[in-house]
Amino acid sequence: MNLRRRSSPQEKEEEAKRMKLEEEKIAKYKANRPFIKFKGKITYHTELIDIALVSDNLLEKANSSSELLIIGFDLEWPFSFKTGPGKTATIQISCDEKHCYIFHVSKIKNLPKTLSELLTHPNVRLTGNCIKQDVRKLARDFTGFDSDKMVDNCVDLGHLANSILSTTNRWSLERLVDHLLDLRISKDKKVRHSQWHVIPLSKVQQIYAATDSYASLLLYNILKSRENELKALEN
């Protein structure tokens with residue numbers, strides 16, 4: 001019988017030091033990685049008529065396409081430590097990786113019917129992390145939205161990642177960007193907890209908001225590409 005030699009206290013200490021140095025090296029590398037940042041076109045609208053026109057154009061695209069229209073979707077709202085989350089202030093929609101629409105809806109009482117029709121369209125899929133919570137909030141904040149239909153259209157990135165990567169993780173958008181893109185995503189509290197209800201949004205706010213919906217669409221596309229690669233290997 002071959003018995004494994006026990007490590008001496010000195011060897012254990014050296015191994016612990018080596019592992020600590022390796023962990024510090026990895027942490028330093030991760031801390032110095034660049035941030036993911038949306039560099040495409042941002043179309044920013046504050047008026048009901050403009051939001052309706054964009055929604056109508058995207059609805060026409062969903063009606064005419066033989067493929068699913070995948071939308072990177074996200075919301076922003078003001079937050080107070082005294083009163084909690086405020087009403088939805090912005091809706092971000094990314095239908096491709098080069099263009100993001102930001103609808104600033106904080107001063108709008110009722111959203112256009114075409115937007116509701118778009119988000120519940122059977123040929124549309126909304127993707128994001130914990131996205132079902134977002135669409136339910138939108139339906140609570142504004143009348144005229146069928147939350148059940150919107151939920152049926154949701155593709156949660158965390159669930160999608162677990163099904164394709166064969167993991168059981170509780171993913172955040174930050175962790176998905178870290179794992180799949182080897183990048184960081186900014187969650188600067190000064191911007192995250194800024195006054196999203198105030199019109200107009202600053203350029204920094206616009207980029208922050210657009211980056212989340214862009215990252216959601218990008219991550220979806222990467223995960224589906226991984227899925228197709230795995231299917232090809234199985235065949």
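## Strand 2 and its neighbours

Let's start with one pair of residues: Ile70 has Arg125 of strand 7 as its bridge partner. This pairing comes from a predicted model, so keep that in mind as you look around. Strand 2 and strand 7 run parallel, and four bridges join them.

Strand 2 also pairs with strand 5, which covers residues 90–96. Here the two strands run antiparallel, with five bridges between them. You can find one meeting point by looking for Glu76, which stands opposite Thr90 of strand 5.

## Two covered faces

How many of the eight residues of strand 2 are buried? Eight of the eight are, so this strand, residues 69–76, is largely enclosed by the rest of the structure.

In a regular strand, side chains alternate between the two faces of the sheet. In strand 2, Leu69, Ile71, Phe73 and Leu75 are buried on one side. Ile70, Gly72, Asp74 and Glu76 are buried on the other, and both faces are covered.

## Helix 6, from end to end

Now move along to helix 6, which spans residues 157–165. At its N-terminal end, Asp156 acts as a cap: one of its side-chain oxygens lies 2.9 Å from the backbone nitrogen of Gly158. Just after the helix comes Ser166, with a positive phi of about 55°.

Which residues of helix 6 are buried? They are Leu157, Gly158, Leu160, Ala161, Asn162 and Ile164. These buried residues pack against two strands, strand 7 (124–128) and strand 8 (154–156), and against two helices, helix 7 (173–181) and helix 9 (203–234). Strand 7 is a familiar name here, as it is also joined to strand 2.

Methods
Residues are numbered from 1 along each chain as its sequence is written. This is a predicted model: local features need pLDDT of at least 70, side-chain atom pairs count only at pLDDT 80 or more; totals for chains, interfaces and linings use all residues. Side-chain values use heavy atoms; hydrogens and water are left out. Buried means under 20% relative accessible area, exposed over 50%, partly exposed in between (1.4 Å probe, protein chains only). Contact means heavy atoms within 4.5 Å. A polar contact is a pair of N or O atoms within 3.5 Å; within protein, one must be able to donate a hydrogen and the other to accept it, and residues adjacent in sequence count only if both atoms are side-chain atoms. Two strands pair if DSSP finds at least two bridges between them.
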